[in-house]
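Thanks for coming. I will go through one model today, starting with the sheet and ending with the cysteines. Please have a look at it first.

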Amino acid sequence: MDKILSNLGLCARARGLVDGTDIVCSLMANNRIYLVFLANDASENTKKKIRNKANYYNVEVQESYSSEELSSAIGKVGRMVVGISNESFLKILKK
């Protein structure tokens with residue numbers, strides 16, 4: 001597991017992230033999401049929805065991991081979208 005994924009796990013345990021398409025989209029609208037991890041094997045509909053929202057609200061989207069990698073990093077099953085909601089963890093993940 002690489003450094004970003006292990007830091008995602010730390011962020012999840014510290015409740016600094018949210019997962020799921022609908023909640024990430026709603027928090028993006030409230031400017032409470034700073035970075036989005038989108039699984040590269042997500043459906044085209046999910047990808048389009050997240051990309052459009054992120055583009056509108058100026059949120060960076062990273063698509064370098066599969067849903068299996070994201071899910072195992074945060075300790076949940078079947079997650080396609082993970083949003084970072086803590087600015088401190090954003091700095092850690094950007095290093």
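**Sheet and cysteines**

Strand 2 and strand 4, residues 81-84, pair in the antiparallel sense over 4 bridges. This is a predicted model, where local features need pLDDT of at least 70, side-chain atom pairs count only at pLDDT 80 or more, and totals for chains, interfaces and linings use all residues. Residues are numbered from 1 along each chain as its sequence is written, and side-chain values use heavy atoms, with hydrogens and water left out.

On terms: strands (E, at least two residues) and helices (H or I, at least four) are DSSP runs numbered from the N terminus. Two strands pair if DSSP finds at least two bridges between them.

Back to strand 2. Within its pairing with strand 4, Phe37 stands opposite Val82. Strand 2 also has 3 bridges to strand 3, residues 60-62, and these two run parallel. There, Leu35 is opposite Glu60. The connection is a right-handed β-α-β unit made of strand 2, helix 3 (residues 44-56) and strand 3. Right-handed here means that, with the strands pointing away from the viewer, the path from the first strand over the helix to the second runs clockwise.

What covers the faces of strand 2? Leu35 and Phe37 lie on one side, Val36 and Leu38 on the other, and all are buried, buried being under 20% relative accessible area, exposed over 50%, and partly exposed in between, with a 1.4 Å probe and protein chains only.

Now strand 4's other partner. Strand 1 pairs with strand 4 in the antiparallel sense, over 3 bridges, and Asp19 has Val82 as its bridge partner in strand 4.

Taken as a whole, the sheet is open, with 4 strands in the order 1-4-2-3 and mixed pairing. Strand 1 (17-19) and strand 3 are the edge strands, each pairing on one side only. From one strand to the next, the twist averages 20°. Helix 2, residues 21-29, packs on the sheet and touches strand 1, strand 2 and strand 4, where contact means heavy atoms within 4.5 Å. The direction of helix 2 makes about 130° with that of strand 1; axes are lines fitted to C-alpha atoms, for helices over the stretch in contact, and angles run from 0 to 180 degrees between N-to-C directions.

Last, the cysteines. Why are there 0 disulfides? A disulfide is a pair of cysteine sulfur atoms within 2.5 Å. The sulfur of Cys11 has its closest cysteine sulfur in Cys25, 18 Å off, so the two are too far apart for a bond. Cys11 is buried at 0% relative accessible area, and Cys25 also counts as buried, at 6%.
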